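Me: I would like a close look at a single part of this model, namely the cysteines and their surroundings. Please set that part within the wider fold as you go.

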Amino acid sequence: MSDQNHAPTSRSKPPPPGEEEAGAVLKLGEFEDVDTLTLSEASLVINALMAKRRKDRKDRNETDVLNQTLAYLDSFSRFKQKENVEAVERLLSAHKELTKFERAHIGSLCCDNADECKTLIPSIADKISDEDLQELLDEMGKLIST
């Protein structure tokens, strides 16, 4: 049998680590199409997993790093209620012109205005109008947990 008719069995080599860049042009390398979570979504996921582990009495894997991560997420997650996290995800998902990475950053940073948002996430500058972005930020602002 000839190997000429078979597809290669290995994946293409990923770009060297460290060449990723989140500037005016996104260069995410192997992370290009990876689903990205906001800090609030990550908090929900990890807290739900930990609650299940505690319920199942499998909480012996709680490390300092995990506890520090949860503390960080609790401090910086802007949306605390599950319903609000889901509502923000729906708002962000409606903007298909933005990448998953950009939507997650918008949902995590919760900027006050479009100019601030475009300064912190330069890759969105030509993808969404200031008016549409401000409307999105205002809608998200109504859902922020205090």
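Reply: The account below begins with the chain as a whole, turns to the cysteines, and then follows the neighbouring elements.

The model is a predicted one. Its protein chain holds six helices and two strands, and along the sequence these are arranged as β-β-α-α-α-α-α-α. Of the 146 residues in the protein chain, 30% count as buried. Among contacts in the protein chain with a separation of 6 or more, 60% are made by residues 24 or more positions apart.

The cysteine region starts at the end of helix H4, which covers residues 100-109. This helix is mostly covered, with seven of its 10 residues buried. The buried positions are Phe101, Glu102, Arg103, Ala104, Ile106, Gly107 and Ser108, so the set counted as buried under the 20% limit on relative accessible area includes Glu102 and Arg103 as well as Phe101 and Ile106. Just after H4 comes Cys110, which takes a positive phi of about 50°. That positive value occurs in a residue other than glycine. Cys110 lies in the loop between H4 and H5, and Cys111 has its place in the loop between H4 and H5 as well.

Both of these loop residues are withdrawn from the surface by the accessibility criterion. Cys110 has a relative accessible area of 8% and is therefore buried, since buried means under 20%. Cys111, at 6% relative accessibility, also counts as buried. Cys117 belongs in this discussion too: its relative accessibility is 1%, so it counts as buried.

Are any of these cysteines joined to one another, and if so, how many disulfides does a search of the whole structure find? The search finds zero disulfides. For Cys110, which is in no disulfide, the nearest cysteine sulfur is that of Cys111, 7.8 Å away. Cys117 is likewise in no disulfide, and its nearest cysteine sulfur, again that of Cys111, is 4.2 Å away. A disulfide requires a pair of cysteine sulfur atoms within 2.5 Å, so the 4.2 Å separation for Cys117 does not meet the cut-off. The 7.8 Å separation for Cys110 does not meet it either.

The contacts of Cys111 and Cys117 describe their setting. Leaving aside residues up to four places away in sequence, Cys111 touches Glu116, Cys117, Leu120 and Leu137. On the same basis, Cys117 touches Ile106, Cys111, Ile124, Leu133 and Leu137. Leu137 is thus a partner of Cys111 and also of Cys117. A further spatial relation links Cys111 to Gln134: the two are 23 residues apart in sequence, and their C-alpha atoms are 9.3 Å apart.

Cys117 also has a place in the largest nonpolar core, which has 19 residues. The residues with the most contacts inside this core are Phe79, Ile106, Cys117, Ile124, Leu133 and Met140. Helix H3 (82-93), helix H5 (114-120) and helix H6 (130-141) each give two or more residues to the core. Among the contact partners of Cys117, Ile106, Ile124 and Leu133 are also listed with the most contacts inside the core.

Phe79 leads from the core to another feature, the internal space. The whole structure contains one cavity of 30 Å³ or more, and about 30 Å³ of space lies in the largest cavity. Its lining consists of Thr38, Ser40, Glu41, Phe79, Val85, Val88, Glu89 and Leu92. The elements giving two or more residues to that lining are H1 and H3, with H3 supplying the largest share, four residues.

Helix H1, which lines part of this cavity, covers residues 39-55. At 1.5 Å a residue, its 17 residues should span 24 Å, and its end C-alpha atoms are 24 Å apart, so the two values agree. In H1, the buried residues are Ser40, Glu41, Ala42, Ser43 and Met50, and they pack against helix H2 (64-76) and H3. Just after H1, Arg57 takes a positive phi of about 60°.

Ser40 also provides a link to the loop between H2 and H3, where Gln81 lies. The C-alpha atoms of Gln81 and Ser40 are separated by 9.0 Å, although these residues are 41 apart along the chain. Gln81 has 41% relative accessibility and so counts as partly exposed, whereas Ser40 is buried.

Key
Residues numbered from 1 in each chain as written. Predicted model: local features only at pLDDT ≥ 70, side-chain atom pairs only at ≥ 80, totals over all residues. Heavy atoms only, no water. Core = buried A, V, L, I, M, F, W, Y, C linked by side-chain atoms within 4.5 Å. Buried < 20%, exposed > 50% of the residue type's maximum accessible area, 1.4 Å probe, protein only. Contact = heavy atoms within 4.5 Å. Expected span 1.5 Å × (residues − 1). 1 Å grid on protein atoms, 1.4 Å probe; cavity = no way out; pocket = protein on both sides within 12 Å on 5 of 7 lines; lining within 4 Å. Points joined across faces, edges and corners; volume = space filled by probe spheres on them.
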